[in-house]
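Visitor: I would like to learn how to read a structure feature by feature. Can you walk me through one?

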Amino acid sequence: MTTALRFLPPLAWSALIAWFSSAGWGAGTTAPMLEPWLRAIFPHAALEQIAAFHWLLRKAGHVGEYAILALLWRRALTPADAPAGWRAPLLLAALTAALDEAHQATTLTRGASAADVLLDTVAAAGALLLAARGGPEAADGLARLLLWMAAVGGTALLAVNLAAAAPSGWLWLSVPGAWIALWAWRRRRGRA
């Protein structure tokens with residue numbers, strides 16, 4: 001019975017995530033709840049800034065949800081006398097993120113986003129890394145992961161934008177910056 005009870009927290013948290021992905025928790029519904037608070041905290045902010053803060057809060061919710069979910073799965077799947085693994089909890093968190101976005105696609109007011117699945121999976125990986133390695137080493141690994149995502153993903157976006165003759169704006173600076181940072185990181189590790 002104890003083993004079955006260990007699965008209750010991640011399953012209950014997954015149900016909560018599914019509830020938050022319903023039509024009743026879309027941006028149009030949360031804006032009237034959050035924007036008055038944001039206006040009170042930032043009274044001189046423009047409407048666009050309030051909308052950006054609202055968007056950031058919603059994305060921070062994604063990060064928190066999936067970081068907690070990954071840690072709950074890690075706890076549930078790890079026997080008391082064994083080292084904690086990361087693959088199964090990460091896979092389950094990523095699967096939940098994909099199912100969550102698929103569920104949102106079935107609602108009238110929300111849509112699916114591959115970027116949200118990626119954000120959720122990175123949040124889960126970051127939480128698992130932090131739990132496994134501790135603060136500074138986990139922060140180092142997460143920063144490296146995010147740099148690789150920026151470098152590779154940004155390069156792909158530049159290629160798509162070039163093919164579509166679309167402007168790339170800040171990508172012309174951030175993508176080379178990510179590649180240079182990765183090169184410097186590798187060079188520094190080679191000297192150590």
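Guide: What follows is a short tour of a predicted model, taken by topic.

Visitor: Start with burial. Is H54 buried or exposed?

Guide: Buried means under 20% relative accessible area. H54 has 5% relative accessibility, so H54 counts as buried.

Visitor: Where is H54 placed, and which residues is H54 in contact with, leaving aside neighbours within four places in sequence?

Guide: H54 sits in helix α4, residues 47-77. Leaving aside neighbours within four places in sequence, H54 is in contact with A27, T30, A31, L34, E35 and L38.

Visitor: Now W13. Where is W13 found, and why does W13 count as partly exposed?

Guide: W13 is in helix α2, which covers residues 8-20. Partly exposed is the class between under 20% and over 50%. The relative accessibility of W13 is 24%, so W13 counts as partly exposed.

Visitor: Which residues does W13 touch, not counting those up to four places away in sequence?

Guide: With those left out, W13 touches E65, I68, L69 and L72. E65 also takes part through its backbone: its oxygen lies 2.9 Å from a polar atom of the W13 side chain.

Visitor: How far apart are W13 and T30 in space?

Guide: They are 20 Å apart, C-alpha to C-alpha, with their positions 17 residues apart in sequence. Try the same reading on P79 and P9: 70 residues apart in sequence, 15 Å apart in space, again C-alpha to C-alpha. P79 is in the loop between α4 and α5 (87-105). Its relative accessible area is 39%, so P79 is partly exposed.

Visitor: On to aromatic rings. How many aromatic pairs does the structure hold?

Guide: Four. One of them joins W19 and F20, and this pair is tilted: 5.2 Å centre to centre, 40° between the planes. Both partners are partly exposed: W19 at 47% relative accessibility, F20 with a relative accessible area of 27%.

Visitor: Is the pair of F42 and F53 stacked or tilted?

Guide: Planes under 30 degrees apart count as stacked. F42 and F53 have 25° between their planes and 4.4 Å centre to centre, and the pair is stacked. The pair links distant parts of the chain, eleven residues apart: F42 is in the loop between α3 and α4, F53 in helix α4.

Visitor: What are the relative accessible areas of F42 and F53?

Guide: F42 has 34% and is partly exposed. F53 has 28% and is partly exposed too.

Visitor: Which residues form a nonpolar patch with F42 on the surface?

Guide: W37 and I41 join F42 in that patch. Together the three have about 370 Å² of accessible area. A patch residue needs over 30% relative accessible area, and F42 has 34%.

Visitor: Next, charges. How many salt bridges are there?

Guide: The count comes to two. To read a bridge, take the N to O distance, then ask where the partners sit in sequence. The side chains of E35 and R39 meet at 3.5 Å, N to O. They are four residues apart in helix α3, so about one helical turn separates them.

Visitor: Are E35 and R39 buried or exposed?

Guide: E35 is buried, with a relative accessible area of 18%. R39, at 39% relative accessibility, counts as partly exposed. E35 appeared earlier, among the residues in contact with H54.

Visitor: What does D116 form a salt bridge with?

Guide: With K59; their closest N and O atoms are 2.7 Å apart. D116 lies in helix α6 (residues 114-133) and K59 in helix α4, so the pair ties together parts 57 residues apart in sequence. D116 and K59 are both buried.

Visitor: Last, the backbone. What should I know about phi?

Guide: Most residues other than glycine have a negative phi. A165 has a positive value, near 55°.

Visitor: Where does A165 lie, and is A165 buried or exposed?

Guide: A165 lies in the loop between α7 (135-164) and α8 (171-191). At 72% relative accessibility, A165 counts as exposed.

Conventions: Residues numbered from 1 in each chain as written. Predicted model: local features only at pLDDT ≥ 70, side-chain atom pairs only at ≥ 80, totals over all residues. Heavy atoms only, no water. Helix = DSSP H or I, 4+ residues; strand = E, 2+ residues; numbered from the N terminus. Buried < 20%, exposed > 50% of the residue type's maximum accessible area, 1.4 Å probe, protein only. Contact = heavy atoms within 4.5 Å. Polar contact = N/O pair within 3.5 Å; in protein donor to acceptor, adjacent residues only side chain to side chain. Patch = residues over 30% accessible without salt bridge, like charges linked within 9 Å, V, L, I, M, F, W, Y side chains within 5 Å. Areas by Shrake-Rupley, 256 points an atom, 1.4 Å probe, with all protein chains shown as cover. Salt bridge = Lys/Arg side-chain N within 4 Å of Asp/Glu carboxyl O. Phe/Tyr/Trp six-rings, centres within 6.5 Å; stacked < 30°, edge-to-face > 60°.
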